[in-house]
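Thank you all for making time this morning. Please have the sequence and the coordinates open while I talk, since I will move between elements by name.

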Amino acid sequence: MIVQKMTWCSVLWWGLLAGMLLPWVARSGSVQELTLAEAIEMALAGNPELAALGYDENAAAARSETAFARRLPRLDFVASGMYHMHDQRLLPASENGQQGAFSDQLLAGDVVISLPLYTGGLLSREQRASDLLRSAAANELSRSREELIYNVSSVFYRILAQNRVIVSLEFSQEALREHMKQVLEMIKVQKAAAVDRLRIEVRVADLEQRLVSENNILAVQTRVLSNLLGRPEEAALLKPAGTLAELPDPGLQSAGSLADSLNARADYQAAQASLSARREALAAARAGHLPTVSLQGSYGRRWAVDSPDRSQGHDSNRETGWAGILLQVPVFSGGQVQARVREENALLEAARERLRKLELQIRLELEIASLNIQAARERLEALTKAGEQAAESLRIEREKYELGKGSITDVLDAQTALLDTQTNYCRAMADYHTAPAQLKLAKGK
C-alpha cells in the first residue's frame with residue numbers, strides 16, 4: 001500500500017511537472033534527432049577549435065606570402081622636412097664654383113626602389129621554411145578533423161549505449177514492481193515472509209538511485225556531444241537517433257604496417273614538415289654571417305623653403321636621383337647571429353625528438369586499437385552467453401521461490417546479475433563500434 005501511494009504521488013508530481021515544462025519546450029524548440037552522419041557534419045561546421053585551426057592555416061599561408069614578397073623589388077615613397085640651425089645647400093654641387101640655393105628649411109620627396117640580389121640564402125631559406133610551416137598547419141587541420149570525427153562518433157555510440165542501459169534499468173525496475181505484487185499476494189496466503197517485501201523495496205530503491213546516476217551520465221554525454229558540435233545551448237534538444245543493434249557490423253580490421261600509418265597520418269606529416277622547416281630556419285640563421293648585396297635607387301625633388309638665393313635667380317626646386325649597388329658585410333653584431341644559430345639548432349633538435357615521440361605514440365595507438373577490437377568482440381560473445389544464462393537463472397529462481405523452495409534473496413541476486421550483464425553488454429556494444437573507429441584514426445584513415 002505504501003509503495004502504491006508513493007507511485008501515485010510520483011505520477012501526479014511528474015504529471016504536474018510535465019504540464020509546466022511542455023509549454024516551455026514548445027516555445028524553446030523541439031527535440032532534434034540526429035544521425036551520426038548529421039552529427040559529424042554539424043561538428044565539422046560548428047566546432048570552434050576546428051575553426052580556430054582553419055584561421056591558423058590562413059595565418060601560415062599569409063606568412064608564406066610575406067616571405068615570398070621579401071624577395072621581390074620594393075618601392076617606397078619617402079618624404080621629409082628638416083629645419084637646420086644654419087643654412088644648408090639644397091643639392092650638392094656638381095662642379096667647382098657652382099652656385100646654388102641655400103635655406104635652413106629643406107623639404108624632400110623621393111621614390112625609392114630596392115631589390116635584394118644576394119642574401120647568402122637567407123630569404124630563400126626563410127621562404128621554404130614558411131612554405132613547410134604552411135603545409136604543417138594544413139596537415140594539423142586535417143588531423144584535427146579526423147580526431148573530431150572520432151570523438152563525435154565515440155560519444156554518439158556511448159549515448160546510444162547509455163540509452164539502452166537506462167531502458168534496462170527501467171525494465172528491471174518495472175519487473176521488480178510486478179514481482180512485488182506477486183509477493184504481496186503470497187504474503188496474504190502466508191506463502192512468503194513479510195521481510196521479502198522489504199527486501200524488494202530496498203532493491204527498488206537501489207535501482208532508483210542507479211537510474212538517477214545513469215540519467216546524469218547521459219546528460220553529461222549529451223552536453224559533451226553538443227560542445228563538440230559547437231552548440232552547447234542546444235544540449236537538451238539534441239538526441240542521437242538509432243540504436244547500436246541497427247548499426248552495421250564493423251567487422252575485424254587489420255592494423256596494417258607502421259610505415260603505411262606514418263605515411264597516412266596527417267599529424268606525422270605535419271611533424272615532418274615542421275622538422276624540415278626548422279632545418280631551413282637554421283640554414284637561414286647561419287646565412288646571417290654572409291654578406292648581402294642589393295640594388296637600390298631613388299628619384300625625387302628637393303625644396304629650399306624661403307631661400308634668400310631665389311631672388312638671385314637660383315632654382316630652389318630641383319630634381320635629383322641616384323642608383324647603385326649596396327654591399328653589406330656583417331663584422332660585429334654583438335653575438336646576435338651566433339645566438340640565433342644556437343636557438344634554431346635547439347629548436348631543430350626539439351622537433352626531431354617530437355617526431356620520434358609521435359612515431360612511438362602511433363605505434364602504441366595501433367597496438368591498443370587492435371587489442372580493443374579483439375577484446376570488444378570477445379566481450380560481446382561472452383556477455384551474450386552470460387545474458388542467456390542469467391535470464392535462465394532468474395527464471396529458475398523465480399519458479400523455486402513461487403514453489404516455496406527458494407529465497408527472495410536468490411531471486412533478487414539473479415535479477416541483479418541479469419541487469420549487470422545487460423548493462424555490460426550495452427557498453428561492450430559501444431566499445432565494439434568505437435574500436436574500429438579508433439583503429440581508423442590510428443591508421444590515419
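At what angle do H5 and H9 pack, and how far apart are their axes? Before I answer, a word on provenance: this is a predicted model, in which local features need pLDDT of at least 70 and side-chain atom pairs count only at pLDDT 80 or more, while totals for chains, interfaces and linings use all residues. Residues are numbered from 1 along each chain as its sequence is written, and side-chain values use heavy atoms, with hydrogens and water left out.

Now the helix pair. H5 and H9 pack at an angle of about 15°, with their axes 10 Å apart, which makes H5 roughly parallel to H9, given that angles under 35 degrees count as roughly parallel. The axes here are lines fitted to C-alpha atoms over the stretch in contact, and angles run from 0 to 180 degrees between N-to-C directions; helices themselves are DSSP runs of H or I with at least four residues, and strands are runs of E with at least two, numbered from the N terminus. The crossing is right-handed, in the sense that the near helix is turned clockwise from the far one by less than a right angle. On the H5 side the contacting residues include Asp196, Ile200 and Leu207, and on the H9 side they include Ile408, Leu412 and Thr416, where contact means heavy atoms within 4.5 Å.

Ile200 and Ile408 also appear in the largest nonpolar core, which has 51 residues, and they are among those that touch the most other members, as are Val152 and Tyr401. A core of this kind is a set of buried Ala, Val, Leu, Ile, Met, Phe, Trp, Tyr and Cys residues joined through side-chain atoms within 4.5 Å, with buried meaning under 20% relative accessible area, exposed over 50%, and partly exposed in between, for a 1.4 Å probe and protein chains only. The largest share of this core, 16 residues, comes from H4. Tyr401 has contacts with His179, Val183 and Asp196, among others, leaving aside residues up to four places away in sequence. A second, separate core of 20 residues includes Leu355 and Ala435.

Let me turn to the sheet. It is open, with 4 strands in the order S2-S3-S5-S6 and antiparallel pairing, two strands being paired if DSSP finds at least two bridges between them. Strands S2 and S6 stand at the edges, each with a single partner strand, so one side of each is left without a neighbour in the sheet. Neighbouring strands are turned by 25° against each other on average, direction ignored. S2 is joined to S3 by 12 bridges, and S3 is joined to S5 by 12 bridges. Gly109 in S3 is the bridge partner of Ala79, and Gly109 is also partnered by Arg301 in S5.

Finally, two loop residues. Lys191 lies between helix H4 and helix H5 and counts as exposed at 60% relative accessibility; its C-alpha atom is separated by 8.3 Å from that of Glu402, 211 residues apart along the chain. Asp306, in the loop between strand S5 and strand S6, has a positive phi of about 55° although it is not a glycine. Most residues other than glycine have a negative phi. Asp306 is exposed too, with a relative accessible area of 67%.

Technical notes: Parallel < 35°, antiparallel > 145°, perpendicular 65-115°, else oblique.
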